[in-house]
Amino acid sequence: EFFKIGGEFALDRLFASFGKDLLKPEIDTYWVFNAGVNPVDYCRKYQGRCDLIHLKDGTKSASKPVGEGEVDIQAVLDVSCEIGAAWVIMEDETWDPDGMTCVTTGMNNLKTTLGGY
């Protein structure tokens with residue numbers, strides 16, 4: 001998704017090739033971050049076209065439970081409201097110590113973050 005063709009991300013080329021009604025991005029905040037792009041800016045880029053945002057967290061080297069990595073979760077939630085995303089889907093790919101513990105950690109962190117909503 002985030003390899004470049006002619007200086008442009010392949011994913012962006014794909015989105016540009018189809019009309020807004022034919023292909024809608026489901027932005028994965030961790031993979032956008034991992035590609036060196038600000039997830040908030042990337043969400044804004046597809047405003048009016050992005051109904052679903054996959055809220056994921058991590059560092060440049062590994063996925064982490066939501067709230068445990070370097071993705072600005074609050075900023076992603078704020079921009080999701082700003083651009084009118086219909087859904088923000090918490091997603092977790094971590095398995096250390098196990099998947100359920102990581103999901104629970106992420107959910108608890110998200111509940112704390114959502115306290116202002």
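Guide: A salt bridge here is a side-chain nitrogen of Lys or Arg within 4 Å of a carboxyl oxygen of Asp or Glu. Keep in mind that this is a predicted model.

Visitor: Okay, how many salt bridges does that rule give?

Guide: Side chains of opposite charge can pair when their charged atoms come close. Apply the rule to this model, and the salt bridge count comes to eight.

Visitor: How far apart are N and O in the salt bridge between Lys56 and Asp28?

Guide: The side chains of Lys56 and Asp28 do meet in a salt bridge. Lys56 sits in the loop between β4 and β5 (57-58) and Asp28 in strand β3, so the pair ties together parts 28 residues apart in sequence. From N to O, the distance is 2.7 Å.

Visitor: Is Lys56 buried or exposed?

Guide: The cut-off for buried is under 20% relative accessible area. Lys56 has just 1%, and its partner Asp28 has 14%, which also counts as buried. So Lys56, at 1%, is buried.

Visitor: Which residue forms a salt bridge with Glu82?

Guide: The closest N and O atoms of this pair are 2.7 Å apart. Glu82 lies in helix α4 and its partner in helix α3, so the bridge ties together parts 38 residues apart in sequence. Glu82 is partly exposed at 42% relative accessibility, and the partner is partly exposed too, at 37%. That partner is Arg44.

Visitor: Which residues do salt bridges with shared partners join into one network?

Guide: Some of the bridges have partners in common, and that links their residues together. The network consists of Asp28, Lys56, Glu91 and Glu93.

Visitor: And Lys24 with Asp51, how far apart are the closest N and O atoms there?

Guide: This one links distant parts of the chain, 27 residues apart: Lys24 is in the loop between α1 and β3 (26-28), Asp51 in the loop between α3 and β4. Lys24 is partly exposed at 39% relative accessibility, as is Asp51 at 31%. Their closest N and O atoms are apart by 3.5 Å.

Visitor: Switching to the nonpolar side, which element supplies the largest share of the largest core?

Guide: The largest nonpolar core has 23 residues, and those with the most contacts inside it include Ile27, Tyr42 and Ile53. At least two residues each come from α1 (10-17), α2 (29-34), α3 (39-45), β4 (52-55) and α4 (73-83). The largest share, five residues, comes from α4.

Visitor: Which residues does Tyr42 contact, leaving aside its neighbours within four places in sequence?

Guide: Tyr42 is among the core residues with the most contacts inside the core. Beyond its sequence neighbours, Tyr42 is in contact with Phe2, Leu11, Asp12, Phe15, Ile27, Val32 and Val37.

Terms used
Residues numbered from 1 in each chain as written. Predicted model: local features only at pLDDT ≥ 70, side-chain atom pairs only at ≥ 80, totals over all residues. Heavy atoms only, no water. Core = buried A, V, L, I, M, F, W, Y, C linked by side-chain atoms within 4.5 Å. Buried < 20%, exposed > 50% of the residue type's maximum accessible area, 1.4 Å probe, protein only. Helix = DSSP H or I, 4+ residues; strand = E, 2+ residues; numbered from the N terminus. Contact = heavy atoms within 4.5 Å.
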